[in-house]
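Me: I am new to this structure and would love a close look at how its metal sites are held. Could you start there and then walk me outward into the surroundings?

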Amino acid sequence: MKAVCWMGTSKVETLTVDDPQLLNAQDAIIKITRTAICGSDLHLYDGMIPTMEAGDVLGHEFMGIVEEVGKDVTKIKRGDRVVIPFTIACGNCLFCKKKIWAACDNSNPNAQLMEKAYGYSGSGLFGYSHMMGGYAGGQAQYARVPYANVGPLKIESDLSDEKVLFLSDIFPTGYMAAENAQITEGDTVAVWGCGPVGQFAIASAFMLGAAKVIAIDRFPERLELARSLGAITVDYSEEDVSVLEALKDLTGGIGPDACIDAVGLEAHSSDLQGVYDTVKTALLLETDRPIVLRQAIMAVRKGGTLSIPGVYGGLLDKVPFGAAFGKGITMKMGQTNMHNYMTPLLERIEKGQIDPSYIISHRITLDQAPDMYKIWRDKKEKVTKIVIDPWA
Amino acid sequence: MSTPLTEKPAVEPLPRTAGAASMIDGHYAPPPKDKDGKMWVRTSAIIQADPQTLYERWSDLESSPSWQEEITSVKKTGPKTSHWTMKSGDKTIEWDAETLASEPGKRIAWHSTAGDIHEAGEVVFEPAPAGRGTIVTILMMFEMGKIAAMWETFVGRNPKQAVVENLRHFKALVEANEIPRVYPVPHGPRGTIGSLKESAFGEKLPIPAGSNASQPA
Ligand SMILES: NC(=O)c1ccc[n+]([C@@H]2O[C@H](COP(=O)([O-])OP(=O)(O)OC[C@H]3O[C@@H](n4cnc5c(N)ncnc54)[C@H](O)[C@@H]3O)[C@@H](O)[C@H]2O)c1
Ligand SMILES: [Zn+2]
Ligand SMILES: [Zn+2]
């Protein structure tokens, strides 16, 4: 089959690789009909996530038609149309029972690698490094999906692929970000990053009762999408704009009730702080560039909540923890517990409350993927979201 | 506050001891230190099954190859004795073991009696609070030397990590009815340092069959 392979930092190639095969009795093989590139894939592209190996198949946002199932698969059958959650969960361990699916104890065959780095291992993920399991990803024509009785969401209506594809990651991720923000009726919520995750966080914050959402980014097309959802936008790159000042000005001086960091470890900054972090990460003294995290901690109101869907990987420098303590804030974060959100969010799509395909800017083939990685990383061509048809 | 702060909270008496001696007289006890040629490892896992079920699965020694790395056969040789075979490529090591204690739903202890491995171990099953499953704790001792070194080259893990991984496999098999695996995995060319990374990321490590001994399909 054809698949998009990580071949090293800033090197992605579309190659012919072996087809996946059933390895366990609860596996399914999916013939992929649509897949996408995620902001998280850019962290891999940029070499920010350890334990990648040349040749690894990328991609964790995909859906398709069930091609083949193992003998213990009862919930789906050949021919079913399914969306696959990017976190892999067994459904039976203590964490799955607690519905913290992204912390599943049993789905990461390389748990010992992650235990060394983080103390305990999270769930396996598709196409996201060996530390996270070494599973082949979904920017390909086929993928092997373990625990097929637990993860796949069956689509029984005739909604188009593009409308349901983002149930595989970014819509639930944005929704969980808003849920983690502990929004109550009338709250003001600030969202850093108007990429796909930020977009769905904005939409979800309104669904959960936010009165005002303030969206921060520097790309006009992304800010415009945010405004189309009803958010007030702030362009942090404009001359004379200070984000902290803007957030005070827009909240009667108290700061947002909740802040959402939908940017993560590769935040951009043109000022000295950014230079400091870029130099430190280059010297391997720091692994992440927590520019947005620092701002969000400073900006959130006293007793407010900080929700962090943006990915962080390692050691962070100069995080104002004293401010976090001094204001008594709550922080919630982590990989999305996908399985909690897929069915309820599908219902919202079916009811026409939201059409997630509004963020798509590019529709491409597998062969175009390597170029698109570069274009997106360099934030050219007004990319908001890239969807791949693996058979085109 | 309706109750005075001096009132004693109504709680169950605290346990005084815990499995494989991780707590003695209400105080945490670290695992024994490696010395005098002996290597110790203690590890635990919380498993969603009751102690009796886990005890029974563990006691079924002949099924150990389904979850213990590189164990190819276990044969019962008597009511309390068994013969173990470990194979990798053309290398084989074998030993005899004897069960020293077997308390249903509580604990099993064993040691090796003859052969290529000198080890002793205990596994304890204790219910976790509030129906959160069973805490399984293993304490094992290996006599170092030729065998331990051989095990390492043999299995690709040091024996301590092998105990940790075997418990992980046991847990996965009980809870999810299979042991997670990814290889063979579709991939592009691995490049010049591919084989180095393959071993660093554990691609060459053995994974027992789990419930999957026959065909998955
Ligand atoms: N928690 C999860 O499970 C999960 C799932 C998916 C994605 N993510 C993460 O969410 C983050 C966003 O993903 P995405 O797909 O939207 O990526 P993206 O790269 O499209 O969007 C990031 C946006 O942040 C903006 N940005 C950069 N620096 C900024 C700054 N200093 N202030 C404000 N905005 C800034 C960029 O301009 C860009 O628009 C990534 O870190 C991704 O890894 C997490
Ligand atoms: Zn993603
Ligand atoms: Zn689980």
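Reply: Here is a walk that starts at the metal sites and then moves out through the rest of the structure. Please keep in mind that this is a predicted model.

Let's begin with the zinc ion (ligand 2). Which residues hold it? Its protein donors are A:Cys38 through SG, A:His60 through NE2, A:Glu61 through OE and A:Asp169 through OD. These donors lie 1.7 to 2.7 Å from the zinc ion (ligand 2). Along the chain, the donors follow the spacing C-x21-H-E-x107-D. Two of them bring together distant parts of the chain: A:Glu61 sits in strand β5 (residues 61-69) of chain A, while A:Asp169 sits in the loop between α4 (161-164) and α5 (170-180) of chain A. That pair is 108 residues apart.

Are A:Glu61 and A:Asp169 buried or exposed? A:Glu61 is buried, with a relative accessible area of 0%. A:Asp169 has 3% relative accessibility and also counts as buried, because buried means under 20% relative accessible area. As for geometry, the 4 donor atoms of the zinc ion (ligand 2) make angles of 80 to 133°, and the site is irregular. Why is it not called tetrahedral? That label needs all angles to lie between 85 and 135 degrees, and the angles here start at 80°.

The zinc ion (ligand 3) makes a good companion to look at next. Its coordinating atoms are the SG atoms of A:Cys90, A:Cys93, A:Cys96 and A:Cys104, at 2.3 to 2.5 Å. In sequence, these donor residues are spaced C-x2-C-x2-C-x7-C. A:Cys90 lies in the loop between β7 (87-88) and α2 (94-97) of chain A, and A:Cys104 lies in the loop between α2 and α3 (111-118) of chain A, so this pair ties together parts that are 14 residues apart in sequence. Both A:Cys90 and A:Cys104 are buried. The arrangement around the zinc ion (ligand 3) is tetrahedral because its 4 donor atoms subtend angles of 102 to 117°.

Now let's step back to chain A as a whole. Chain A is divided into domain 1 (2-168 + 336-389) and domain 2 (171-333). The centres of the two domains, taken over C-alpha atoms, are separated by 25 Å. Where they meet, 27 residues of domain 1 of chain A are in contact with 23 residues of domain 2 of chain A.

A small sheet is a handy landmark in chain A. It is open, with 3 strands in the order β2-β1-β4 and antiparallel pairing. Its edge strands are β2 (11-16) and β4 (56-57) of chain A, each pairing on one side only. Strand β1 (residues 2-8) of chain A pairs with β4(A) in the antiparallel sense over 2 bridges, and A:Trp6 stands opposite A:Asp56 in β4(A). Helix α13 (residues 369-377) of chain A packs on the sheet and touches β1 and β2 of chain A. The direction of α13 makes about 160° with that of β2(A).

Helix α13 of chain A also turns up in the packing of another helix. The buried residues of α7 (residues 220-228) of chain A are A:Glu221, A:Arg222, A:Leu223, A:Leu225 and A:Ala226. They pack against α6 (196-207), β12 (212-217), β13 (232-235) and α13 of chain A. Just after α7(A), A:Gly230 takes a positive phi of about 110°.

Within α6 of chain A, one residue to look at is A:Ala205. A:Ala205 counts as buried, at 0% relative accessibility. Leaving out residues up to four places away in sequence, A:Ala205 touches A:Ala178, A:Ile183, A:Ala210 and A:Val213. A:Ala205 and A:Val189 are 16 residues apart in sequence, and their C-alpha atoms are 7.4 Å apart in space.

Finally, a short visit to chain B. Chain B has 4 helices and 9 strands, and buried residues make up 45% of its 217 residues. In strand β9 (residues 134-143) of chain B you will find B:Thr137, which counts as buried at 5% relative accessibility. Beyond residues up to four places away in sequence, B:Thr137 touches several others, including B:Gly19, B:Arg42, B:Ser44 and B:Val124.

Technical notes: Residues are numbered from 1 along each chain as its sequence is written. Chains are lettered from A and ligands numbered from 1 in the order in which they are written. This is a predicted model: local features need pLDDT of at least 70, side-chain atom pairs count only at pLDDT 80 or more; totals for chains, interfaces and linings use all residues. Side-chain values use heavy atoms; hydrogens and water are left out. Donors are N, O and S atoms within 2.8 Å of the metal (3.2 Å for Na, K and Ca); water is not among the atoms, so sites may look incomplete. Four donors count as tetrahedral if all angles lie between 85 and 135 degrees; four count as square planar and six as octahedral if opposite donors are over 155 degrees apart and all others between 65 and 115; anything else is irregular. Buried means under 20% relative accessible area, exposed over 50%, partly exposed in between (1.4 Å probe, protein chains only). Two strands pair if DSSP finds at least two bridges between them. Contact means heavy atoms within 4.5 Å. Axes are lines fitted to C-alpha atoms, for helices over the stretch in contact, and angles run from 0 to 180 degrees between N-to-C directions. Domain bounds come from an automatic or database domain assignment.
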